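This report looks at a metal site, a helix and a set of charged pairs. Please read it beside the sequence and the structure shown here.

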Amino acid sequence: MPRLIFTHVTAILPDRLFEDAQVTCENGRVTAISRSTKKHPAGAQVIDGRGAYLSPGFIDIHVHGGAGADFMDGTAEAVRTSCRAHAKHGTTTLFPTTTTGSPAQIHAMLNATREVQKESRVANGARIAGVHLYGPFFAEDKVGCHSVEGRRSPTPAEYRAYFKSGIVRIATCAAELPGAAEFYAEAKKRRCLITCGHSNASWPEMAAAFKKGMRHVDHFWCAMSNVSSVRARCGVPMRGSMLEFVLGTADMSTEVIADGCHLAPELLDFAFRLKGPRKLCLVTDCNRALDQPPGRYRFGAESDGSWFESDGKVGWAPNGSLASSIVGMDHMVRQMKKDTSATLPEVIRMASLTPAELTGIARQTGSIAEGKSADLLLLNRKLEVRRVFIGGEELV
Ligand SMILES: [Zn+2]
Ligand SMILES: [Zn+2]
C-alpha cells in the first residue's frame, strides 16, 4: 500500500479544527499530522483537499440496516448490503443491531455478521466492531416499532448462547425485567457496553442496574420511561424515570436520533448541553429504507418483521408513532450542527470518538491521531461525504 497523504485539508480533531493540515497514512494507519508542505516523498499518493474537511470516519453503535437489507435478515449478503450503504454515508465502523425476534433469527444474524466481519474487505463497507444485542429483552409496554411477539424476559440459557458467539460488544436489556440483574452481570463479565432500552424503568430500578454495570440508555426520549409512565406503572409517590437518572448521573451516557424527525432542535440541544460531547452519541437507528424509495417495509427480519411506512424522511409505524430513521450518519451530523450549540469538532466527536470510547475501540479508531486506523472522510463545506477511506483504502 503506497503512502497516502491528504494535504490542504481542514482536519477535524476532537478538540479543534486544524486548518491547512496534512495527514500522512502508511500501512493503513495515520502516521503524521502537520501543516501542509509543498514537497512529498516520491511514490506517495497525494490527495489535495483544497480546503475540504478531513473527518474521522463515523461510528454507529445503533443501526439496523440500509439499502433494502436489515441485519436481522440473517444472511451475509444483507450484512454486506447494510454495511456498504452506511459507509457511503460516512460510517466506517458499526455495530449491527438486533431487533426482537426468535432465538433462531438472532443466531442467524450473529453468524452472518461474524462471517462478514472475518472477510475484512473494504468493498464490504463499514467495518463490524461487534454486534449490539438490542432486542429481544424489551419491556412489553415499550417495544415501540419492534414486533411484540418477539420480545421476552432474559433467561441465562438464551443470552449465554449469544454471548458465547464472542461477537456481542453492546448489550441492551430493560432494567425492570425479571432476570435483568443476571443479564447485566453476564454482559459485564464479557466487557460489553451495557445499556437499558425500550424500558419503563423507575429511578430505583436504574440505580440497581447501574450497580450491575449498566451505563448507557438507548435513543434518549424514545421508547423510554418518564415520570408519568413510571407513575402509571408504580403509582405514587411519583418517581424519577430513566430520564432523570441519565441527566442526574455523570457516568451515564446516551444517544440521540438527530434526523430532524424524532427530536426537535430544543431537545437535541438540551441533550447536548446536559450530557456534553463525551457522554452523548449520535446514532442512526437506521432501518432498511435507507436510500430506498418511499413505501412499505419490514422492520427487522424480512420474513416476519413488523411493517412500517417510509415517507422518504422517516419511518412510521401503523399506530402513528415513529419507526426509526431512514438516513445515514452524515445526515445526523449536519442536523446536529444546524440544530444545536455544539461546535463542529464536538458534533464530529459525538459521531466518532465518543462511541469509540464507550465501546472500548478508541485505541484503534475514532479520531485522527497518530497510530490509529486511517478511517477518514473527505467532507465538503456543507458536510456532505465526498470520499471515504477505511484503513487507508478508498471505498469505491
Ligand atoms: Zn429502539
Ligand atoms: Zn433501534
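A salt bridge is here a side-chain nitrogen of Lys or Arg within 4 Å of a carboxyl oxygen of Asp or Glu. The model is a predicted one, in which local features need pLDDT of at least 70 and side-chain atom pairs count only at pLDDT 80 or more, while totals for chains, interfaces and linings use all residues. Residues are numbered from 1 along each chain as its sequence is written, chains are lettered from A and ligands numbered from 1 in the order in which they are written, and side-chain values use heavy atoms, with hydrogens and water left out.

The salt-bridge rule gives a count of 17, and three of these pairs are listed below with the distance between N and O.

| Pair | N to O distance |
|---|---|
| Asp-375 and Arg-127 | 2.9 Å |
| Arg-160 and Glu-186 | 3.5 Å |
| Glu-394 and Arg-387 | 2.9 Å |

Asp-375 lies in the loop between α11 (353-358) and β21 (376-379) and Arg-127 in strand β10 (residues 127-128), so this salt bridge ties together parts that are 248 residues apart in sequence. Helices (H or I, at least four residues) and strands (E, at least two) are DSSP runs, numbered from the N terminus. Burial is graded by relative accessible area, with buried under 20%, exposed over 50% and partly exposed in between (1.4 Å probe, protein chains only). Asp-375 is buried at 3%, whereas Arg-127 is partly exposed at 35%.

Arg-160 and Glu-186 belong to a network of salt bridges that also links Lys-189 and Arg-190. Within this network Arg-160 is partly exposed at 46%, and Glu-186 is buried at 8%.

The buried residues of helix α3 (residues 156-164) are Glu-158, Tyr-159, Tyr-162 and Phe-163. They fall within an arc of 125° seen down the axis of α3, so they line one face of the helix; the arc is taken from the directions from the helix axis to the C-beta atoms. On the other side of α3, Ala-157 and Lys-164 are exposed. Among the elements that cover the buried residues of α3 are α2 (103-119) and α4 (180-189), where contact means heavy atoms within 4.5 Å.

At the metal site, the zinc ion (ligand 2) has His-62 (NE2), His-64 (NE2) and Asp-285 (OD) as protein donors, lying 2.1 Å from it. Donors are N, O and S atoms within 2.8 Å of the metal (3.2 Å for Na, K and Ca), and sites may look incomplete, as water is not among the atoms. His-62 and Asp-285 are both buried.
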